Amino acid sequence: MRENETTEFKKSLTQLKEDIISLAAILNKHGGGELWFGVRDDGSPVGLDAGDKTVRDISQAIAAHIEPKIYPVVTIAEIHGKQCIKVAFSGSEAPYFAYGRAYIRVADEDRQLSVKELENFILNKNHEALRWDNKPDRAALADLDEEKVKSFVEKAGLPWDDMPNALEKL
């Protein structure tokens, strides 16, 4: 196993706040990944003493500090005879916030998004929904200039038959 932009290794649970920030940063860049506890940065397992309460505590910390909510799969796994905790997570509602701030993963580092970066992130995510031609128009058929529509249809290389059919095709 190797650490990369979608996989983060933590030796222990002592810095759970930073670990949750890493989780949000990975979600914002890749939409999912894995967080391993009891594994050194080089991928070698050191193990940790974990039980159901530890798994529940991690799950509750993620639920309390990540917005929008995600539902990770937190399990105890054995690697080379050492007990580790695997947190597998995914989400499609980015941007995700950890402790009220948005982060992005850059190599193996988590960087806080600036206001402008966050604005661009949201605009890019919603690009299709925000296009002017995806918005319904309240104009009636009689309000449209048939000659202009016919000209546009012909420039688009479509056959002209009548206004309603042409608009439906477009």
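Let us start at helix 5, which spans residues 146–155 and includes E146. This is a predicted model, and the tour below goes from the surface charges to the backbone and then to the salt bridges.

**Surface patches**

With a relative accessibility of 42%, E146 counts as partly exposed. E146 belongs to a patch of negative charge on the surface, where it gathers with D145, E147, E154 and D162. There is also a nonpolar surface patch, of about 500 Å², made by L141, L144, F152, L158, L167 and L170. One of these residues, L141, sits in the loop between helix 4 (127–130) and helix 5. L141 is partly exposed as well, its relative accessible area being 43%.

How far apart in space are G100 and E147? Their C-alpha atoms are separated by 53 Å, while in sequence the two are 47 residues apart. G100 lies in the loop between strand 6 (97–98) and strand 7 (101–106), and with a relative accessible area of 64% it is exposed.

**Helix 1**

Helix 1 takes in residues 16–30, 15 residues in total. From first C-alpha to last it reaches 21 Å, close to the 21 Å expected at 1.5 Å a residue. Which residues of helix 1 are buried? They are D19, I20, I21, S22, L23, A24, A25, I26, L27 and N28. After the helix comes G31, with a positive phi near 80°.

**Backbone points worth a look**

Most residues other than glycine have a negative phi, and most peptide bonds are trans. Against that background, four places in this model invite a visit. The peptide bond from E67 to P68 is cis, with omega near -10°; P68 is in the loop between strand 3 (66–67) and strand 4 (73–79). Another cis bond joins A94 and P95, with omega about 10°, and P95 falls in the loop between strand 5 (82–90) and strand 6.

The other two concern phi. H80 is not a glycine, yet its phi is positive, about 50°. You will find H80 in the loop between strand 4 and strand 5, where it counts as exposed because its relative accessibility is 74%. Y99 also has a positive phi, near 55°, and is placed in the loop between strand 6 and strand 7. At a relative accessible area of 30%, Y99 is partly exposed.

**Salt bridges**

How many salt bridges does the structure hold? The count is 10, and three of the pairs are set out here with their closest N to O distances.

| Acidic residue | Basic residue | N to O distance |
|---|---|---|
| E8 | K10 | 3.0 Å |
| D19 | K10 | 3.4 Å |
| E34 | K86 | 3.4 Å |

The E34 and K86 pair links distant parts of the chain: E34 is in strand 2 (residues 32–37) and K86 in strand 5, 52 residues apart. E34 is partly exposed at 26% relative accessibility, and K86 is partly exposed at 24%.

Are E8 and K10 buried or exposed? E8 is buried, because its relative accessibility is 5%, and K10 is buried too, at 15%. D19, a residue of helix 1, forms a salt bridge with K10, and both of these partners are buried. These contacts are part of something wider: E8, K10, D19, R105 and D110 are linked in a network of salt bridges.

Key. Residues numbered from 1 in each chain as written. Predicted model: local features only at pLDDT ≥ 70, side-chain atom pairs only at ≥ 80, totals over all residues. Heavy atoms only, no water. Helix = DSSP H or I, 4+ residues; strand = E, 2+ residues; numbered from the N terminus. Expected span 1.5 Å × (residues − 1). Buried < 20%, exposed > 50% of the residue type's maximum accessible area, 1.4 Å probe, protein only. Patch = residues over 30% accessible without salt bridge, like charges linked within 9 Å, V, L, I, M, F, W, Y side chains within 5 Å. Areas by Shrake-Rupley, 256 points an atom, 1.4 Å probe, with all protein chains shown as cover. Salt bridge = Lys/Arg side-chain N within 4 Å of Asp/Glu carboxyl O. Lys, Arg positive; Asp, Glu negative; His and termini not counted. Charge placed at Lys NZ, Arg CZ, Asp CG, Glu CD.
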